[in-house]
Amino acid sequence: MTFDLGAVRARWEGYETELVWGRYPVEHDPIRRHCHMVDDTNPRYLERGECPPVMVDYFASAGAWPPAELDIITFVRRIPTPGDRLVNLGHEFEWHRAARVGDRLGARHRVRSIELRATRLDPLSVWISTETTIVNQARESVATRLNQIMVHRATAEQGTGDPAERRAPEPHPPGRPEGRARLRPAGDSTNGESLPGFALPLTMTRMALQVSGTQDFYPVHHDREFARQGGHADIFINTGLIRGLLCRLVGDWAGDDGFVRKLGFQMRRPHLLGDTITVAGRVARRWRDGAHGAADLDVWIENPRDGVATPGRATVWLASRPA
């Protein structure tokens, strides 16, 4: 099929939405479901009304029901692409202040880039990079999120074409190492302090918990037949669960006086139903960020099949948390 990438870029790159307020204020019950999903018992979230950092975009959205006119997924789906199957490939968060129960959050989205890159799933995969700005009721900046989404066709929609084309290799984001043997965290030679990690079996119950905790009803994460029709081996955990697990790891290490400043990660391989994943990290560097003691952390999630499939990086402030 033909796909006019130039025309799509001309129409959509740089496009920015207006500021849209979340349908509901920051609330206790969704926070409780999120914590249940990642086995997080942190009293800051469950008792003191602080919003887990990775939930700010959840409360800045309209939620899953009733359907919203403008949310990040519906926004991305407005961009013409050959397929309609979405895969989230990576996040980069930067937080400026905490949100609490009762706050009202809003967001605006901007398309940063659109690329056509062949992947294992589809030689006509479209990579869409977006930037989301999140503010509170005083229009103070709460967070910025960069997101990389890939849109591809289901296997049956790709026709019979050249078999070699259909076996196009999975793409490698900038800096991505080739092959399983080199799938490891950045800064692997750093002998820093290890973060207390944890393991998590990906049972069907956990797959249900991720739907409850993220309100992400995209079938690729809970419908095994839908996932396989899209070329995946099985259902796999979603972005909300991945970032929640990494945020739990980092937040537990930073403690009550800590503030998670940045978190970025790449989802290079899926974590499938039946895997037991390990969430781990280590200190890469300690430094001062103005008045704040700070630390850069290498963080990752690994599974027995691929090793480190989700490498990431975080920065935390260890004292003098922002108001």
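**Note on the β8–β10 strands, helix α1 and the cysteines**

1. Arginine 285 has aspartate 296, a residue of β9, as its bridge partner. The pair belongs to an antiparallel arrangement in which strand β8 (residues 276-289) is joined to β9 by eleven bridges. The model is a predicted one, and the points below should be read with that in mind.

2. The turn between these two strands deserves a look. β8 and β9 form a hairpin with two residues between the strands, and glycine 290 there takes a positive phi near 65°.

3. On its other side of the pairing list, β9 is matched with strand β10 (residues 307-317), again antiparallel, over ten bridges. Within this pairing alanine 295 stands opposite valine 316 of β10. The connection from β9 to β10 is a hairpin of three residues.

4. Is strand β9 largely enclosed or open? Of its twelve residues (292-303), eleven are buried, so the rest of the structure largely encloses the strand. In general, the side chains of a regular strand alternate between the two faces of the sheet.

5. Helix α1 covers residues 5-12, and Leu5, Val8 and Trp12 in it are buried. Viewed down the axis of α1, the buried residues fall within an arc of 65°, so they line one face of the helix. What do these residues pack against? Their partners are α5 (72-77) and β3 (106-116). Just after α1 comes glycine 14, with a positive phi of about 90°.

6. The structure has zero disulfides. Cysteine 51 is in none, and the nearest cysteine sulfur to its own, that of cysteine 247, lies 9.5 Å away. A disulfide would require the two sulfur atoms to be within 2.5 Å. Cysteine 247 is likewise in no disulfide, with the sulfur of cysteine 51 as its nearest cysteine sulfur. Cysteine 51 has a relative accessibility of 3% and counts as buried; cysteine 247, at 5%, counts as buried too. The cut-off for that term is under 20% relative accessible area.

7. On confidence, the chain averages a pLDDT of 90, and 89% of the residues score at least 70. Where does pLDDT stay under 50? The stretch is residues 161-190, for which the model has 55 contacts beyond four places in sequence. Those contacts rest on residues with pLDDT under 50, and any reading of them should say so.

Methods
Residues numbered from 1 in each chain as written. Predicted model: local features only at pLDDT ≥ 70, side-chain atom pairs only at ≥ 80, totals over all residues. Heavy atoms only, no water. Buried < 20%, exposed > 50% of the residue type's maximum accessible area, 1.4 Å probe, protein only. Helix = DSSP H or I, 4+ residues; strand = E, 2+ residues; numbered from the N terminus. Pairing = 2+ DSSP bridges. pLDDT = per-residue confidence, 0-100. Contact = heavy atoms within 4.5 Å. Arc of directions from axis to C-beta.
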